[in-house]
Amino acid sequence: MASGGKRRALGQHFLRDAGIARAIVDLVAPTSNDLVVEIGPGEGALTAELARRAGRVIALEVDPALAARLRPSLPGVEIVEADARGWDYGTLVAPPGGRVLVVGNLPYSVGKPILMALVAARTAIDTMALMLQREVAERVAAGPGSRVYGSLSVLTQIYCDVTLALRVPPEAFRPPPKVDSAVIRLNVLPSPRVAVADERRFHVVVRAAFAQRRKTLANALAAGLGRPAEVLRAAAESAGIDPLRRAETLAISEFAELTARLP
């Protein structure tokens, strides 16, 4: 690819199917009142569609050469050279009567940290449509009992309604990746799905519970939190949860109750 080593290192593949680009933009349905942030514009397939429909578009591009190439063809778009993992989404402000939308074809290798950065800045965002490796997208959208339900599912869905919206085949990209992609739509909830007194502790508990999936809930938490197993068993029981269950069977509300019961 002409885009250089930085893009190759990120594992980026450029969307070239105009029909799929329109379908992705349709998921957030931008209007002239809306501000859209695009992550990874690449060669501009999504950017051009967004520019036609949104009031203001900010495109975050990590590769200076690609950014320079895009500017002449998209003069109305604010193309910012930035790493989407560390950009300050929390400073975004919705225009009067409009929304803040985020759209992006996320590089496979950094898709999860970008997603987590966006979720952390959720109070500044209304709706997102994000393309990820299909396996990762399915994990984000999975529900309890699924073999791919995990900490990524819980820590996204406590704050957002997540829908697996589109599956995208390799031939929609240049060069074609070796795996399928999928687009998730995330609607940010006005408040967390369940009340959590200490969100940081909730995150720690959820990650510990899933860190050793083959272990029972109490044993996984004991290992992950460095606490005696009998303490964790008692906390689970006081929350009405069988400590012999495994983490992938717990609903978000049960993780919240368990966190609240931990001494």
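## A short tour from Pro192 to the salt bridges

Start by selecting Pro192, which sits in the loop between β9 (181–188) and α8 (199–211). Keep in mind as you go that this is a predicted model. Show the neighbours of Pro192 beyond four places in sequence, and you will find contacts with Ile158, Tyr159 and Glu199. Is Pro192 buried or exposed? It falls in between: its relative accessibility is 31%, so Pro192 counts as partly exposed.

Next, look for enclosed space. The structure has three cavities of 30 Å³ or more, and the second largest holds about 70 Å³. To see its wall, select residues including Phe14, Leu15, Glu38, Glu43 and Asn105. Two elements, β1 (14–15) and α3 (45–53), each give two or more residues to this lining. Colour the lining by type and you get five nonpolar, four polar and two charged residues.

Now stay with α3 and select Arg53, whose side chain forms a salt bridge with that of Asp26 at 2.8 Å, N to O. Because Arg53 belongs to helix α3 and Asp26 to helix α2 (residues 18–28), the pair ties together parts 27 residues apart in sequence. Add Glu49 and Arg52 to the selection: with Asp26 and Arg53 they are linked in a network of salt bridges.

Move on to Glu138 and Arg167, a salt bridge with its closest N and O atoms 3.8 Å apart. Glu138 is in helix α6 (residues 134–141) and Arg167 in strand β7 (residues 160–168), so this pair ties together parts 29 residues apart in sequence.

Last stop: Arg245 and Glu254, whose side chains meet in a salt bridge at 2.9 Å, N to O. The structure holds 15 salt bridges.

Definitions and conventions. Residues are numbered from 1 along each chain as its sequence is written. This is a predicted model: local features need pLDDT of at least 70, side-chain atom pairs count only at pLDDT 80 or more; totals for chains, interfaces and linings use all residues. Side-chain values use heavy atoms; hydrogens and water are left out. On a 1 Å grid over the protein atoms alone, a cavity is a set of points where a 1.4 Å probe fits but cannot get out, and a pocket is an open set with protein on both sides within 12 Å along at least five of seven lines; lining residues have an atom within 4 Å of a point. Grid points are joined across faces, edges and corners, and a volume is the space filled by probe spheres set on the points. Helices (H or I, at least four residues) and strands (E, at least two) are DSSP runs, numbered from the N terminus. Ala, Val, Leu, Ile, Met, Phe, Trp, Tyr, Cys and Pro count as nonpolar, Asp, Glu, Lys and Arg as charged, and the others, Gly among them, as polar. Buried means under 20% relative accessible area, exposed over 50%, partly exposed in between (1.4 Å probe, protein chains only). Contact means heavy atoms within 4.5 Å. A salt bridge is a side-chain nitrogen of Lys or Arg within 4 Å of a carboxyl oxygen of Asp or Glu.
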